[in-house]
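Student: I've got a fold open on my screen and a few things I'd like to ask about it. Can we go through them one at a time?

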Amino acid sequence: MKQYDILIIGAGPGGYVAAEEAAKNGKKVAVIERSKIGGTCLNVGCIPSKTYLQHSHWLQTFKEAEQFGIHSEIRRIDFSKLVDRKNQVVSTLQAGIHSTFKGLGIDFIEGEAEFVKEKQFKVNNQLFSGKNIILATGSHPYVPPINGIDKVSYLTTDTFFDVKKLPQKLVIIGGGVIAIELAFAMAPLGVDVTVVEVAPEILLTEDDAARKIIKKELTSHLGVKIFERAKIQMITKDKVLLESKEIAYSHLLVATGRKPNLDLVQAMGLELTSRQFVKVDDYYETSQPGVYAIGDLIESYMLAHVASKEGIKAVKAILRNAEEVLDQTSVPRALYTNPEVASFGLSEAEAKEAGYDPIVKELPFSYNGRAIASNETKGFVKLISEKKYHQILGAVIVGPHSTDLLQSLILLKDTEATYDQVVESIFAHPTVSELIQEVSKNVVTQ
C-alpha cells in the first residue's frame with residue numbers, strides 16, 4: 001500500500017491547486033482522478049466555453065467593422081477547425097498541470113477511487129492511503145425529470161463540447177450563466193438558438209440592469225429566442241413542446257445546474273447538510289477528522305477560482321497554518337457574454353439588510369472616451385458603498401473586460417481601502433478603468 005501525507009481525490013481546480021500547495025510545503029502528495037486532469041472547468045466548462053466565445057467574438061468583430069467601412073467576406077465556417085483549436089487549448093493546459101505535478105513530485109493516479117476503510121482507497125486494484133484526505137470530486141449536470149427526456153438524445157454541459165458538427169437548431173433548456181454563455185457562443189456562428197427557462201427570467205442571479213442588457217443583446221442583436229416562465233409539457237425526438245408552442249431542434253442542450261458527486265462521500269459515511277452538500281467546518285474538515293472537502297461538494301459558489309482557494313485553505317489547515325474563513329463578499333462572479341457582466345460583494349438590498357446606509361452610483365460606458373473610441377459603449381459601472389466611511393461594499397460592471405476591471409476593486413476592498421483612495425489614485429488616460437474613478441467621485445461627494 002502506498003502512503004502519503006495528503007491524498008487528494010479529484011484533479012479539478014480545487015484538487016490540483018491543493019496538491020501543488022501541499023507539495024510546495026514539503027508534503028508527499030498524490031492525486032487520484034477518474035477522468036481527465038483539470039476537472040470540469042478545464043475539460044468541459046470554463047476553458048472550452050471561453051474558447052468558443054472567442055470564436056464568436058471574432059465573427060462579431062467582422063460585422064462591427066463593416067459598419068465603419070472595413071468590408072470583408074466570411075465565406076464559410078469550418079467548425080471542425082474551431083473544435084480542433086478548443087482541443088489544443090485544453091491539451092496545452094492539461095500538459096501544463098502534468099508538468100507542474102512532475103516538477104513538484106506529485107503522483108498522479110488515474111482511475112476510480114473506491115473507499116476501503118478509514119483513509120484507505122483502492123484504485124486499479126492498488127491500495128493508497130493518506131494521513132489526511134482532501135475530497136475534491138466535483139459535480140455533475142443536473143437533469144430535471146421532464147416528460148420524455150429519458151427517451152431522447154440530449155446534451156449536457158459535460159457532452160456539449162464533444163459535438164463535431166455545428167448545430168442547425170439548438171434548444172437550450174435553462175437560463176443560467178452556462179446556458180447563456182453558450183447561447184452567445186453559438187448564435188454568432190449562424191446557429192438558430194432558443195433558450196427555454198422555467199423561472200420568471202433568465203439570469204436571476206445577476207443584477208437587474210445587467211440582465212436587461214444581456215437579454216436585449218440576445219434577442220435584438222443575435223436573434224436568440226427566449227421563452228421565460230416556460231411550462232414544458234413534453235420532449236420528443238425533435239421538438240420541445242410548451243403549453244402553446246412547439247420548438248423544433250436538431251440539438252437539445254440541458255443546462256439546468258449541477259449536483260455534487262456524492263458516491264464516495266456516502267460510502268465514507270460523511271455528514272451532509274440539509275441541502276445535500278458535504279458538511280464542513282470553517283477549515284473544510286468534514287465530520288471525519290483528517291478528511292476535508294472542497295469545491296462543488298460543499299455549500300459555496302460553484303466556481304473554479306473558489307475551489308482553488310478552498311483547496312489552498314484546506315492544505316494550510318492541515319499544515320496547522322489555518323487562514324480565516326473565505327470571505328464570500330470578495331468572490332468575483334463573471335458572465336462572459338458580450339458585453340461581459342462581472343460583480344462581487346453586496347447589492348444595495350443586501351447592504352441595507354447588513355445594516356449599512358448604502359450609496360449606489362452608476363455611469364454608462366458611453367461616458368468614457370476609450371469606450372467610445374473602441375465602439376464598446378454598452379454597459380455601465382455601478383458601485384455600492386456606504387455614507388459614513390465610503391467602504392467598498394460591492395460592484396457590478398457590464399462592459400468590455402469587466403471581469404478584469406473588477407479585480408482592482410476587490411483588491412482594494414480586501415486591504416480595507418475606500419472609494420476615497422480610488423479617487424486619489426492616478427488612472428492612465430484613455431482607459432476604460434477611468435470610469436471606475438468617475439463613479440467613485442460621485443460616491444465620495446454624496
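Student: Does Arg229 count as buried or exposed?
Tutor: Keep in mind that this is a predicted model. Arg229 sits in the loop between β10 (225-227) and β11 (232-235), and its phi is positive, about 55°, although it is not a glycine. Its relative accessibility is 59% and the cut-off for the top class is over 50%, so Arg229 counts as exposed.

Student: And Asn124, what is its phi near?
Tutor: Asn124 belongs to the loop between β5 (120-123) and β6. It has a relative accessible area of 56%, so it is exposed. Its phi is positive in a residue other than glycine, and the value is near 50°.

Student: Which residues make the nonpolar surface patch of about 250 Å²?
Tutor: Start from strand β6 (residues 126-135), where you'll find Leu127. Leu127 has a relative accessible area of 35%, so it is partly exposed; patch members need over 30%. The patch is made by Leu127 together with two others, Val116 and Met1.

Student: Where does His429 lie, given that the UniProt annotation "active site" covers it?
Tutor: That annotation comes from an unreviewed UniProt entry, and such annotations may be inferred rather than shown by experiment. At 65% relative accessibility, His429 counts as exposed. As for its place, His429 is in the loop between α12 (419-424) and α13 (434-444).

Student: What is omega for the peptide bond that joins His429 and Pro430?
Tutor: Pro430 is placed in the loop between α12 and α13. The bond joining His429 to Pro430 is cis, and its omega is about 0°.

Student: Which residue does the cis peptide bond from Asn338 lead to?
Tutor: Look in the loop between β17 (333-335) and β18 (340-345), which is the place of Pro339. Omega is near 10° for the cis bond from Asn338, and the residue it leads to is Pro339.

Student: How many of the 10 residues of helix α5 are buried?
Tutor: Helix α5 covers residues 177-186. The buried ones include Ala179, Ile180, Leu182, Phe184 and Met186, and Glu181 is among them too. The helix is largely enclosed by the rest of the structure because its count of buried residues is 8 of the 10.

Student: What is the C-alpha separation of Lys215 and Glu201?
Tutor: Lys215 lies in helix α6 (residues 208-221). Leaving aside residues up to four places away in sequence, it touches Glu201, Ile202 and Glu228. Lys215 and Glu201 are 14 residues apart along the chain, and their C-alpha atoms are separated by 9.6 Å.

Student: Zooming out, what radius of gyration does the protein chain have?
Tutor: The C-alpha trace spans about 70 × 60 × 40 Å along its principal axes. With 446 residues, a compact globule would come out near 22 Å, so the chain agrees with that expectation at 23 Å.

Student: What percentage of the contacts with a separation of 6 or more comes from residues 24 or more positions apart?
Tutor: For background, the chain has 13 helices and 21 strands, and 50% of its 446 residues count as buried. Among contacts with a separation of 6 or more, the share from residues 24 or more positions apart is 64%.

Student: Last one: how much of the accessible surface belongs to carbon and sulfur atoms?
Tutor: The accessible surface of the protein chain comes to about 21,800 Å². The part of it that belongs to carbon and sulfur atoms is 49%.

Technical notes
Residues numbered from 1 in each chain as written. Predicted model: local features only at pLDDT ≥ 70, side-chain atom pairs only at ≥ 80, totals over all residues. Heavy atoms only, no water. Patch = residues over 30% accessible without salt bridge, like charges linked within 9 Å, V, L, I, M, F, W, Y side chains within 5 Å. Areas by Shrake-Rupley, 256 points an atom, 1.4 Å probe, with all protein chains shown as cover. Salt bridge = Lys/Arg side-chain N within 4 Å of Asp/Glu carboxyl O. Helix = DSSP H or I, 4+ residues; strand = E, 2+ residues; numbered from the N terminus. Buried < 20%, exposed > 50% of the residue type's maximum accessible area, 1.4 Å probe, protein only. Rg over C-alpha atoms; globule rule 2.2 N^0.38 Å. Contact = heavy atoms within 4.5 Å.
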